[in-house]
Amino acid sequence: MNEIKNNLLKIKKSIPEDVTLVAVSKTKPIKDIITAYETGHRIFGENKIQEMVQKQQQMPNDCIWHMIGHVQTNKVKYMAPFVSLIHAVDSYKLLKEIDKQARKNSRIIHCLLQVKIAEEDSKYGLSEPDVIHLLESNEVKAFQNIHIEGLMGMATYTNDESQIKKEFEKIASFFRTLQLQYSDLKTLSIGMSGDYKTAIDCGSTMIRVGSSIFGARNYS
Ligand SMILES: *Cc1c(COP(=O)(O)O)cnc(C)c1O
């Protein structure tokens with residue numbers, strides 16, 4: 001069997017049924033995404049809006065597109081007609097723009113708030129108090145066209161598994177605390193190719209896996 005199909009089916013079989021797999025297809029050609037699609041897989045993750053728009057236009061309509069990368073406010077409009085879940089929302093300004101563009105398209109766009117969990121080298125993400133502040137804000141509550149359904153995090157880029165575990169446990173514990181008050185929160189997006197097993201042990205409900213499915217990326 002084809003390598004991509006093989007990888008995808010193997011990962012799907014190895015994870016619990018209630019963990020959602022996002023196949024991260026960034027930098028990969030359409031033919032690879034079609035190969036994944038042929039296994040019945042529908043959820044794809046991209047980190048650049050332009051690239052996601054182009055791929056969405058070429059792929060069948062029943063694909064479900066997740067934006068997993070950092071989002072610039074002025075580009076939200078390009079993906080608003082179709083994006084299903086935006087993982088890395090990290091400001092009020094961005095939420096406001098997503099709400100506005102979703103309304104223009106008569107849609108509700110689901111969002112995750114990105115929490116900064118890596119102790120090293122991470123530029124993006126909200127602190128825990130920032131997340132609470134956003135969830136409690138009356139302005140945010142008034143947005144009709146977004147639905148905040150959970151949190152997203154990225155662990156430090158390291159081989160130190162105990163460090164990764166510590167960071168995942170921290171966001172998972174924060175997530176569970178928030179869930180006591182906000183019953184809408186159902187998604188914890190943590191875990192990539194190198195650390196998804198650890199993430200699932202820590203309580204991940206959604207993993208974002210690229211290279212373990214499609215092979216190493218070539219950024220030439
Ligand atoms: C690229 C990317 C992934 C997937 O990374 P792999 O290590 O290839 O699985 C997951 N999440 C985000 C935010 C990414 O940018």
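**View 1. Arg-208 meets a nitrogen atom of the ligand.** In this predicted model, an N or O atom in the side chain of Arg-208 sits 2.9 Å from that nitrogen. Taken alone, the ligand would expose 390 Å², and the protein buries 90% of this area.

**View 2. Ser-193 and Gly-210 each approach an oxygen atom of the ligand.** Ser-193 does so with a polar side-chain atom, at 2.5 Å. For Gly-210, look at the backbone instead: one of its N or O atoms is 2.8 Å from an oxygen atom of the ligand.

**View 3. Here is the shell of residues around the ligand.** Moving along the sequence, you will meet Val-24, Lys-26, Ile-68, Met-152, Met-154, Met-192, Ser-193, Arg-208, Val-209, Gly-210, Ser-211 and Arg-217. By character, the shell has six nonpolar residues, three polar ones and three charged ones. If you are browsing the pockets of the model, the largest is the space that the ligand takes.

**View 4. Phe-44 and Trp-65 form a tilted aromatic pair.** Two aromatic pairs turn up in a search of the whole structure. For Phe-44 and Trp-65, the ring centres are 5.8 Å apart and the planes meet at 40 degrees, so the pair counts as tilted. The two partners come from distant parts of the chain, 21 residues apart: Phe-44 belongs to strand 2 (residues 43–46), while Trp-65 belongs to strand 3 (residues 64–67).

Notes. Residues numbered from 1 in each chain as written. Predicted model: local features only at pLDDT ≥ 70, side-chain atom pairs only at ≥ 80, totals over all residues. Heavy atoms only, no water. Near = heavy atom within 4 Å. Polar contact = N/O pair within 3.5 Å; in protein donor to acceptor, adjacent residues only side chain to side chain. Areas by Shrake-Rupley, 256 points an atom, 1.4 Å probe, with all protein chains shown as cover. 1 Å grid on protein atoms, 1.4 Å probe; cavity = no way out; pocket = protein on both sides within 12 Å on 5 of 7 lines; lining within 4 Å. Sits in = over half its atoms within 2 Å of the grid points. Nonpolar A, V, L, I, M, F, W, Y, C, P; charged D, E, K, R; others polar. Phe/Tyr/Trp six-rings, centres within 6.5 Å; stacked < 30°, edge-to-face > 60°. Helix = DSSP H or I, 4+ residues; strand = E, 2+ residues; numbered from the N terminus.
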